[in-house]
Every structure is written in structure tokens, then in C-alpha cells.
Amino acid sequence: MVVDVNPGVAIVGLVGVGCLALALASLRHGSWIRRAYGTDPADEAGARANALVMGVVGASMLALAVAIDLELPERAVGTAAIIGTSALCIGLGWAVRRYDRRDLLTTPNVDRETGKRLGTAAMLCGVLVLPLAGALWLEVDAGLVVLLATGAGLASLLSIGIAYR
């Protein structure tokens with residue numbers, strides 16, 4: 001029996017499985033993955049927070065692979081992916097800024113003020129990418145999509161850079 005697998009689906013699926021595997025492996029006490037994250041190997045709360053973020057990314061990648069494999073309309077998949085990503089960025093930023101969940105950040109040991117700025121930057125990144133969802137849904141010209149994506153990416157990079165200052 002020969003199974004015809006779309007290479008794009010396979011790559012996205014493997015990345016998702018890899019993220020989930022890393023998340024699970026980082027939960028083991030003293031895991032080398034914790035050190036790779038920059039988390040103290042004995043910091044259980046930090047490891048769980050990083051595993052949560054990595055697990056959400058992995059699950060999202062698997063959902064995207066399934067959507068592509070089911071040949072759902074590109075317009076719907078792209079729009080849903082952008083809205084989901086935006087919501088997760090805003091939620092992460094809100095948790096970091098409002099509830100001082102600096103353990104969710106990939107940068108270990110940032111001070112409270114830097115954490116607040118990074119939380120704000122994460123929320124801003126989520127907001128900046130939202131126009132891209134509308135552009136994908138409305139199936140606008142590819143040049144405009146590239147412009148929106150590039151602009152949101154550069155503005156996000158700038159906001160994160162300023163937050164680290």
C-alpha cells in the first residue's frame with residue numbers, strides 16, 4: 001500500500017510533532033532542554049510555562065497540517081491561522097504584562113519592568129498582524145499581503161527591540 005503524502009503537510013506535521021516532543025521532554029526534571037531554553041533546570045514553574053507555550057505551538061502546527069491535508073479553502077485556513085496567532089500573542093502579552101508571568105517569556109530572568117514592556121510588545125505584535133487576516137479573507141492582491149506581512153514583521157521587531165531597552 002502506497003500512501004501519497006503532501007510534502008508540505010509532512011513538514012508542518014513533523015514540526016508540530018517536534019514541538020510537542022520538546023515540550024514533553026522539557027517537563028522531565030533536570031532536562032537538557034531546560035538549559036537550552038535558558039531556564040534553571042530546577043525551575044519547575046518556568047519549565048511548565050515554556051512547555052505550555054511550545055505545546056500550543058506544536059498543537060497549532062498539527063491543526064494546520066490537518067487543515068491543509070483536508071484541503072480546506074486556503075482563504076479560511078490562512079485567516080484562521082492569523083487570527084489564532086494574533087489571539088495567542090495578545091493573550092501571552094496580557095499574561096506577562098497584567099499577571100507578571102515573566103516565566104512565559106523565552107528570555108530568562110528579565111526584570112519586572114522589562115517584562116511589562118515585553119508583554120506590551122507581544123500584544124502589539126498580535127494587533128499588528130490582524131490586518132493580514134482581513135487581507136487574506138478578502139483575497140487582496142499578493143503585493144498588498146506581502147506589504148502587510150513585512151510591515152507587521154518589521155514593526156513587531158522594532159517594538160520588541162524597544163521593549164528590551
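This report walks through helix packing, salt bridges and a few single residues in a predicted model.

## Two helices side by side

Start with helix H1, residues 7–26, and helix H3, residues 44–69. These two helices pack against each other. Their axes lie 8 Å apart. The angle between them is about 160 degrees. Angles over 145 degrees count as roughly antiparallel, so H1 is roughly antiparallel to H3.

The crossing has a hand as well: H1 passes H3 in a left-handed crossing. What kinds of residues make up the contact of H1 with H3? They divide into 18 nonpolar, five polar and one charged.

## A salt bridge from H2 to H3

The model has three salt bridges. One of them joins the side chains of arginine 34 and glutamate 44. The N to O distance is 3.1 Å. Arginine 34 sits in helix H2, residues 32–37, while glutamate 44 belongs to helix H3. The two residues are ten apart in sequence, so the pair ties together separate parts of the chain.

Is arginine 34 buried or exposed? Its relative accessibility is 1%. Buried means under 20%, so arginine 34 counts as buried. Its partner differs in class: glutamate 44 has a relative accessible area of 28% and is partly exposed.

## A network around aspartate 100

Now look at the loop between H4 and H5, where aspartate 100 is found. Which residues are linked with Asp100 in a network of salt bridges? They are Arg102 and Arg112.

Take the links in turn. Aspartate 100 forms a salt bridge with arginine 102, and the closest N and O atoms are 2.8 Å apart. Aspartate 100 also forms a salt bridge with arginine 112. There the closest N and O atoms are 2.6 Å apart. This second pair links distant parts of the chain. Arginine 112 is in helix H5, and aspartate 100 is in the loop that follows helix H4 (74–99), twelve residues away.

How accessible are these residues? Aspartate 100 has a relative accessibility of 27%, so it counts as partly exposed. Arginine 102, at 24%, counts as partly exposed too.

## Two positive phi angles

Aspartate 100 has another feature to check. Its phi is positive, at about 55 degrees, although the residue is not a glycine.

Glutamate 71 also has a positive phi, near 55 degrees, and is a residue other than glycine. Where does glutamate 71 lie? It lies in the loop between H3 and H4. Its relative accessibility is 69%. Exposed means over 50%, so glutamate 71 counts as exposed. Aspartate 100, by contrast, is partly exposed at 27%.

## Tryptophan 137 and its contacts

Finish with tryptophan 137. This residue lies in helix H5, which covers residues 112–137. Its relative accessible area is 42%, so tryptophan 137 is partly exposed.

Which residues does tryptophan 137 touch, leaving out those up to four places away in sequence? They are Arg75, Ala76 and Thr79. Compare sequence and space for one more pair. Tryptophan 137 and glutamate 74 are 63 residues apart in sequence. In space, their C-alpha atoms are 9.1 Å apart.

Definitions and conventions: Residues numbered from 1 in each chain as written. Predicted model: local features only at pLDDT ≥ 70, side-chain atom pairs only at ≥ 80, totals over all residues. Heavy atoms only, no water. Helix = DSSP H or I, 4+ residues; strand = E, 2+ residues; numbered from the N terminus. Buried < 20%, exposed > 50% of the residue type's maximum accessible area, 1.4 Å probe, protein only. Contact = heavy atoms within 4.5 Å. Axes fitted to C-alpha atoms, helices over the stretch in contact; angles between N-to-C directions. Parallel < 35°, antiparallel > 145°, perpendicular 65-115°, else oblique. Left-handed = near helix turned anticlockwise from the far one by under 90°. Nonpolar A, V, L, I, M, F, W, Y, C, P; charged D, E, K, R; others polar. Salt bridge = Lys/Arg side-chain N within 4 Å of Asp/Glu carboxyl O.
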